[in-house]
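Morning, everyone. Please bring up the structure, and we will walk through it together.

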Amino acid sequence: MALMETLADLVAARYGPVADAVRIPVREDADLAVVRHGIGGLAPRLGLSALQRVAITTAALELARNIVVHAGFGELLLGIVDAPSGGRGLLVVARDEGPGIRDLTLAMRDGYSSVGSLGLGLPGARRLMDVFEIESVVGRGTTVVCIKWIG
Amino acid sequence: MPTQTPILKQGDYLIVSLQDAVSDTDLAALWRTLVERVGQQRIRGVVIDVSALDVIDSFACRTLTQVAQALGLRGAEAIIVGIQPDVAFSMVQLGLSVRDVRTMLDPEEAVEYLDRVTRHGPHAGRA
């Protein structure tokens, strides 16, 4: 999807160049295993501690599940960000062309769910990651950009 | 490829060892099996060992608490054991809790507890 490349460019412009990018289509729960393996594959390259890997994987799975539940189809982009300051991070971008989020403030509140789930995915992902940006347009879709800085 | 989740029967208890990378659909089938077996075999306690899970997200957490509730309705106490340290930390950061479901360190601790509360087994009569 050309839009994903543009997205990587946007991230690169704001945080630093993205390397080792992996794109994972997300449609059903079987795809969540691919997300986990994708992070597992990048983890050694960054020297992630077990705790960091668990935190990132948990956040990524929450975002991927949101896509499955709310949008039906979307993508996760995983990669390694090299910040100009010298830091490195693991990037997780979740993007879909689903219904979008009408009230972002509400969606970012713990316990709010439009489908009877725990409502922790978005605020939880924000707590687990260091960088968390979300953009959503009703009727167009949602994009979430997260980075966990390592070291 | 369906993953076989080991279920061990120990006296009146079942010990279920969740394997890593169990799919949602396999889990749903497993829960149904457990809830049925409680009735078929008069199971008093179900120990759910999650030590092989390297991630517990909100879906997994909600599923575990719902299964514990369903088993409770059938007269069996469910105890979750083996939440790994990093997983516990991430769960807290995510904001998850398994409220109302007993958690313990390992299956041995859970069986000892179940013996005490169900007054069976070698620990019956001890405080």
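Start where the two chains meet. This is a predicted model, so keep that in mind throughout. Chain A puts 20 residues into the contact, and chain B puts in 17 residues. Which elements of chain A give two or more residues to that side? They are α2 (30-46), α3 (50-71) and α5 (121-128). The largest share comes from α3(A), with 9 residues. What about the chemistry on the chain A side? It divides into 10 nonpolar, 5 polar and 5 charged residues.

Now leave the contact and look at the sheet in chain A. It is an open sheet of 5 strands, with antiparallel pairing. Read the order with me: β1-β2-β3-β5-β4. Which strands sit at the edges? They are β1 (18-26) and β4 of chain A, and each pairs on one side only. From one strand to the next, the twist averages 10°.

Let's go along the sheet, beginning at β1(A). Its partner is β2(A), residues 74-82, and the two are antiparallel, joined by 7 bridges. For a landmark, find V18(A): it stands opposite V81(A) in β2(A).

Next, β5(A), residues 141-150. Is it enclosed or open? In this strand, 7 of the 10 residues are buried, so β5(A) is largely enclosed by the rest of the structure. A residue counts as buried here if 20 or more other C-beta atoms lie within 10 Å of its own.

β5(A) has two pairings to look at. With β3(A), residues 88-96, it forms 9 bridges in the antiparallel sense. There, R95(A) stands opposite T143(A). With β4(A), residues 131-137, it shares 7 bridges, again antiparallel. In that pair, S136(A) has T142(A) as its bridge partner.

How many residues lie between β4(A) and β5(A) in their hairpin? The hairpin has 3 residues between its strands. In the turn, check G139(A), which has a positive phi of about 85°.

One general point while we are on strands. In a regular strand, side chains alternate between the two faces of the sheet.

Last, the helices against the sheet. Both α2(A) and α3(A) come back here. α2(A) lies across β1, β2, β3 and β5 of chain A, and runs at about 170° to β1(A). α3(A) lies across β1, β2, β3 and β5 of chain A too, running at about 10° to β3(A). Remember that α3(A) also gives the largest share of the side that touches chain B. Thanks, that's my tour.

How values were computed
Residues are numbered from 1 along each chain as its sequence is written. Chains are lettered from A and ligands numbered from 1 in the order in which they are written. This is a predicted model: local features need pLDDT of at least 70, side-chain atom pairs count only at pLDDT 80 or more; totals for chains, interfaces and linings use all residues. A residue is buried if 20 or more other C-beta atoms lie within 10 Å of its own, exposed if 12 or fewer, and partly exposed in between; C-beta atoms are placed from the backbone. Helices (H or I, at least four residues) and strands (E, at least two) are DSSP runs, numbered from the N terminus. Two strands pair if DSSP finds at least two bridges between them. Two residues are in contact if their C-beta atoms, placed from the backbone, lie within 7 Å. Ala, Val, Leu, Ile, Met, Phe, Trp, Tyr, Cys and Pro count as nonpolar, Asp, Glu, Lys and Arg as charged, and the others, Gly among them, as polar. Axes are lines fitted to C-alpha atoms, for helices over the stretch in contact, and angles run from 0 to 180 degrees between N-to-C directions.
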